[in-house]
Each structure stands twice: as structure tokens, then as C-alpha cells.
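Biologist: I'm new to this one, so please give me a close look at a single part rather than a tour of everything.

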2 protein chains.
Amino acid sequence: MRNVAVIGAGVSPFGRLDALLYQEIGRPPVNDAIENAGIARKLIQSCYYGTCGGVGVGHEIMNETGLMGIPITRVVNACSSGSNAFRLAYMDIASGMSDCTIAMGIEKMKNSSMAVVGGGTRFQIEAKAYSHGSPFSLGGGGGMPAGFALMGRAHMKMFGTKREDFANIVVKSRKNASKNPKAEFQTQMSLDEVLNDVMVNDPLTRSQCCPRTDGAAAVILMSEDYIKEHHIDTPIWIKASAMGSHFLGGDPSYPPGISTDADTARRVFKMAGVEPKDFYERGFGECHDCFSVSELVHYEDFGFCKKGEGADMINDGVVEIDGDLPINPSGGLLSVGHPLGATGTRQIAEVFWQMRKDKEVAKRQVPDEHLDIAFTHTLGQPGLGFTNVMHVFSRDL
Amino acid sequence: MRNVAVIGAGVSPFGRLDALLYQEIGRPPVNDAIENAGIARKLIQSCYYGTCGGVGVGHEIMNETGLMGIPITRVVNACSSGSNAFRLAYMDIASGMSDCTIAMGIEKMKNSSMAVVGGGTRFQIEAKAYSHGSPFSLGGGGGMPAGFALMGRAHMKMFGTKREDFANIVVKSRKNASKNPKAEFQTQMSLDEVLNDVMVNDPLTRSQCCPRTDGAAAVILMSEDYIKEHHIDTPIWIKASAMGSHFLGGDPSYPPGISTDADTARRVFKMAGVEPKDFYERGFGECHDCFSVSELVHYEDFGFCKKGEGADMINDGVVEIDGDLPINPSGGLLSVGHPLGATGTRQIAEVFWQMRKDKEVAKRQVPDEHLDIAFTHTLGQPGLGFTNVMHVFSRDL
């Protein structure tokens, strides 16, 4: 595979953007990413964009940013749509088809066919001919919060995890997001405030569920050849990409968590030639904290601690920006918000800017010694299956 | 780029399949493609599927065919969804990420967010904030048949093309489809019957508009390394892939036709190292005949004849199965039908089987001397833009 790097990124403000057209949300981050990369836009040869609800918006945004004519591919993969689009933009260059591509994610949740509402769930997936009775399926239990709440309760029962442990993840999330001017929620919350928020599905209170948010994010990718030819400074190299799938309901033989996340993490770390301990020594990451429970089980599924020890990661401050393994310095889905298609590319913008020490992240900068490697992770549920996408990035080729 | 070939294909019956679930339509062609390839299904490492309306159906079909666990990517690109999925499955292997992938297309038009109805049009694209007044846009004229009818009338005015010329394309289409047991329309039509069919938008009568059809098609792709290792017979090599986009309304400076089709054809032929004349000598192809007018302008846009001479191609029998340059031996979209996501992979199954002289196409077999090279072409309209995808295939590496 040819070497490929991220060379620029742009992110819109995240929030309730009902009054804006898709184009008005998506144009600025595309233009910002091009400016951030410092390249002529005519270098861009291909566009991949992830969105669940935005029919044809890629064509409109490419047209309005002077990029019409290039191949434009729309990817729909629920909450993994943006990271999936990025993976395709990566393979496009890695294959030799293109030398410079743009990956974009965008969502207006009102227009989305799937809408996750903070403090409840309104999952409008197409009527299915049958239901599998899983806690994650509509027929079986009440949607996403119910599924992750059950996972949290199983975790509490099996490992003695407490409601406070999950809630502390939101406290950390809001603290980080208070330094992120693009985040939907920039106000800090105390542990008591999180615990006493409206109950959605025990142990998940409202602030432990990611909000219904609109937004867009774009990143520019480039081949090593072009990077040399065009003298690009500080490319952030893509060292590995992995993607997995699982039928709904998870793996009953697996402890509370997502077995396919554990599998995909193993594969992406292997492809990158790194191990979980390497992130403690010199890395950080952005994971898919759609709920507080999700982030806690990710610590375990990715091998950053043993199964059942996730609570220690948050309670001991390991995952704080100045901790041993910073997780979600942006504030994550819980506070930045989760426009389904945009989240994956928004995460990649975050790790790119962090590793470049860009002014965009100045107030929440991960310390120098942790900027060598980074990972991103999304988990989506398109219909009756899970899809996760992970990437590993490095400052060194 | 690594060399990649098609090694197996499966196509469902095309027609009104309201009573069937997505899984029931999609499972058989996936299983048939694996059997046609003669490989163990565990070799398949990645799935790309195109569908406009099938939320998450890729996960369900992969689950029910024993393929769950692999990366599953859904592509939505209107009528180019299936060919776009194939292009991604190609780049996945070409990049070195995988060695064996499956590309699938599927549509149930009742569930699709875009539904083209034979004998009229019901285009349910998301409400747009503004209309461009193009004949192709909803606000401006009445959808797809109106747009292509206007193109046909401009062609008549500029070049003296007659209603009979367009209608003759349907006569050829039905003749070929009468030898295709998977086609929706297998009954031949006379020129008079086509001309006297219900008028939709002059010069387009109902049978000159592709029908509203359900169906699915799948193809298996493999790397050269795996083909050698697994002793695969008669792979059909992918020599080139190209894709283009254009904002709605076409190019007013271009004669009646689609300028982006002409551009994409030039690029894909160049990448494959062939010229239009090579198809006369040793090739054939499947193009996106969503309307009779479309196929006629494709002859011209692809460089098979000069602008304005498309009528000669059909009237002189050039594009018949036993002609100098067989086009749409399957019967094309006009007679096989056009399930948006499935059409691109269905076309590729056709050229694959033709080039392999598979029993599937025995009754409509393109003569030996024309089986060296082949092209496929789709043209879609996702929202307010055009997207086309073309591929060139060869029996020789």
C-alpha cells in the first residue's frame, strides 16, 4: 500500500443548526480544510462523504466549493459513516487511483433517517420484517440508551462498577469540551449534576447520552509522492485502518462490552505495529463515547486495561488530557455532539490538530510526549448490525 | 495498482418483488456468485453494497450468507450506487487492503427514497431549499423523463433525429431481453407498438422509459496473487475504472448529450489503453439506457460515432448482438429493469458472463470476436448532481 497522510482539516461549529442548509454547514469546513492544508483546491481528485440523511449534499457542497467534476461517493453506515468515508479516501490514494482526496462527514439530525435524541431515543430505522429481540433492536427494548444501559448494569453486576464511575466520564468530557469552542456543550458539570440529571435508562442519565447535534467536518488526505512534490509540512501519517461488523445483539459469550470492537482494535493495532501499552507511553485517542458506558467498555475492549477495570481508568485520571493515556480530549460525542456522518471525520480532525499542535486545539492540547501516535474509533448500527471503524495515526512515517 | 479481476457473479430475477424481503432477494445472488467463482466463502474479506433504500440490508445479507464480521460499506449514489460499490471493492484490493471482496447491489423500489415509475415519474428526493430550474430538477420540469425528452427533442431539432430512431432502441432492447430469463420484460415489441405506447414526454413513450423494478446482483473480485494461489479459471480483468460528476443541468455548451459521460469515457478508455475503435474490432458493452434517448446519446458521447450520428448506430444494426459493436446484450435497463442499486453490478455480471461464455448468457451470447474487451457505464442523479461510473474489462491481463 502507498503511504498516505492527513494534511488538513476543518470542523463546523456543532449544535442545533436547523436554520442552516447542508451547504451552509458543509462549505466552511471544506474550505477551512483546504486552507489548513495550504494546497490549491485543484489538487483534490476525489471526494468521499458520510451522511445518513443528506441526499446528494456532497454534490452540492463540492459544486459550491469549486470541486465539482471529481468522483463523489456517499457512504451511509450509521454512526460510522464519516470514518468509513475516510477509510475509502485512504484506500483510494493507497491504491494509486488518486493522490489527493477529501473525506467529509455531515449531518442535520432532523433530516437524518436515524435520529438519536439526547434524553431519550427516536430511532427511525426502516420498518424491519422481523425483530431479533436484542436489547439494541427496536422490537426488543427501546433503542440505543436501553441497550447500553443494560450493558452498564451487567458491568455493575459482574465487576462492581458504580453509577458514579460512568457519570465521571461525563465530568471529564464536559471539562475537555469547555476548552473546545466548536462543542455543543461547553459548560462543565459536577458529578452530582450528572447523577441527578433526568434518568433515561438506569444507570444512564440524560447527560450520559450523546445529544442530537448537527455539524460537519472535512479532512484532506495526500499521497507521500504528492507530499514531497508539494512540500507539505508535518503530514500526519495513516498507519492502519481496520473495520469490522457484527450482527446485532453482541456476543453473549463476551463480558459486557462489544466483542467486535476488541477484535477490530487488535487488528488495527497489529497493522500499525503498536500495542495498547504504546498509547500509554506516547499516544492518545478519540473513541465513540455515544454513552458514558460505551467509553468505559472501550477502555477495556481496546486492551488499555483488563475487563472490569475500566472504572479505574476514569477514577484515577488516566484518561484525562494530562493523564497517562488521554482519551477524547475534544470532549467526545457526549459533549461535542454526534452528527452521525460527521463524527468520524471530526475525530480525525481532532487527532490531526493535536498531533500538529494546531491553534485549533491550543486550549486542550495533549502534552508533547503523547503526540507520537493516536487512534480513532467509531461504532455504528446500520439496521440490524454493528459496524466499527478504527484508524491509527503517527507523526513518523 | 495491483491487478484485480472479477471471478464470479450472481443475479436475482428482476421484476416486482414486493412480497420478498431484501434478504430473500439478496441472498441467492450472493450465494450464486460464490458458487460461480468456485471459492470458499471464508476467502471474502470485505463487502461493498449499493442501495438507495435498503437501510442496513448489507449486514443482514452478509449475516445470512455466513459472511458477517468483514467490513461492510453501504454506498448511496442514485443509479450509480452499484457500480460505485464495485469501484470501491476494486480499489480495496488494488490498494492491498484485501485480496477478495464482494460487490453487491440491491433495490426494492417501493422502499427506495427515489422511485422511477415506468410510464411517469415519482421522484421522491428530499425537499431542497432551492431549485435550479433545470429540466432535470423537480422544480423545473417534471423529473427524469422530461429531462431526457427535452434532450431528445433538441437532438431531433439539431440533427434531424426521428422518433422512430429512439423507439428502435427499445425494439433492440426487447429482442435481447427475450433471451434473458432474468429480465422484467421478455416479450418483444414492434416499432409500432413502441411508438403507439402511452406517451410520457414526447418523444418518450412508456416503453422508452425504464421500469420500476426490484432486484439484486453480486460479483466477486480477487487479486492476481489470490487468483494464482487459488487456481481460478478465466478471471476477467478490470483494466480501468473512472468516475465523474457534474452539477445538474448539464453543459449548455455541449450538444444534446451528457458532457460528463464523454469526459469519463475518455478517461476510462485512456486508463485501459483502448480507443472507441477497439470496441468495434473486439469489444462490446453495457450502458445506462434509462431512456431510449440516453442510449442514443451514449453512442455519441463515448465516441463510437460522431455527434448527431447516433441514429445510424441503431438503424444500421451496429449495436445488435451480432452487430459490429454490441451494446446492452442483456436488454439493458429498458427491459431487464432498473433497481437503482442493483443495475451497476448487474451490468458487470453480464459482461463477466459474456466474456466467460457462461451458460447464463447462452441464448444471447456475444460472438467470440467481440469478447476481448468490454465496458460498463452507469449514470446517476444523487440530489442535484450527476454521477457516472465506467469500467473497462479484458480477458487478457
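What are α3(A) and α13(A) to each other, in terms of angle?

Modeller: Before the answer, some housekeeping. Residues count from 1 along each chain as its sequence is written, while chains are lettered from A and ligands numbered from 1 in the order in which they are written. This is a predicted model, where local features need pLDDT of at least 70 and side-chain atom pairs count only at pLDDT 80 or more, though totals for chains, interfaces and linings use all residues.

Now to your helices (DSSP runs of H or I, at least four residues; strands are runs of E, at least two; both are numbered from the N terminus). The axes of α3(A) and α13(A), which spans residues 340-356, sit 5 Å apart at an angle of about 55°. Axes here are lines fitted to C-alpha atoms, for helices over the stretch in contact, and angles run from 0 to 180 degrees between N-to-C directions. So the pair is oblique: under 35 degrees would be roughly parallel, over 145 roughly antiparallel and 65 to 115 roughly perpendicular, with the rest oblique.

Where they meet, α3(A) brings residues including A:Ser81, A:Asn84 and A:Phe86, and α13(A) brings A:Leu340, A:Thr343 and A:Ile348, among others. Contact means C-beta atoms, placed from the backbone, within 7 Å. By class, this patch has five nonpolar, eight polar and no charged residues. (Nonpolar is Ala, Val, Leu, Ile, Met, Phe, Trp, Tyr, Cys and Pro; charged is Asp, Glu, Lys and Arg; the others, Gly among them, are polar.)

Helix α3 of chain A also meets its namesake in chain B: residues 81-95 of A and 81-94 of B have axes that come within 8 Å and cross at roughly 55°. That makes this pair oblique too. The crossing is left-handed, as the near helix is turned anticlockwise from the far one by less than a right angle (clockwise would be right-handed). A:Leu88, A:Met91, A:Asp92 and A:Ser95 touch B:Leu88, B:Met91, B:Asp92 and B:Ala94. That contact has five nonpolar, one polar and two charged residues.

Zooming out, 42 residues from chain A and 42 from chain B make up the chain contact. On chain A's side, α3(A) gives the largest share, six residues. That side has 21 nonpolar, 17 polar and four charged residues.

As for confidence, the ipTM and pTM are both 0.94. Chain A averages a pLDDT (the predictor's confidence in each residue, from 0 to 100) of 90, and 91% of its residues score at least 70.

Note on methods: Contact = placed C-beta atoms within 7 Å.
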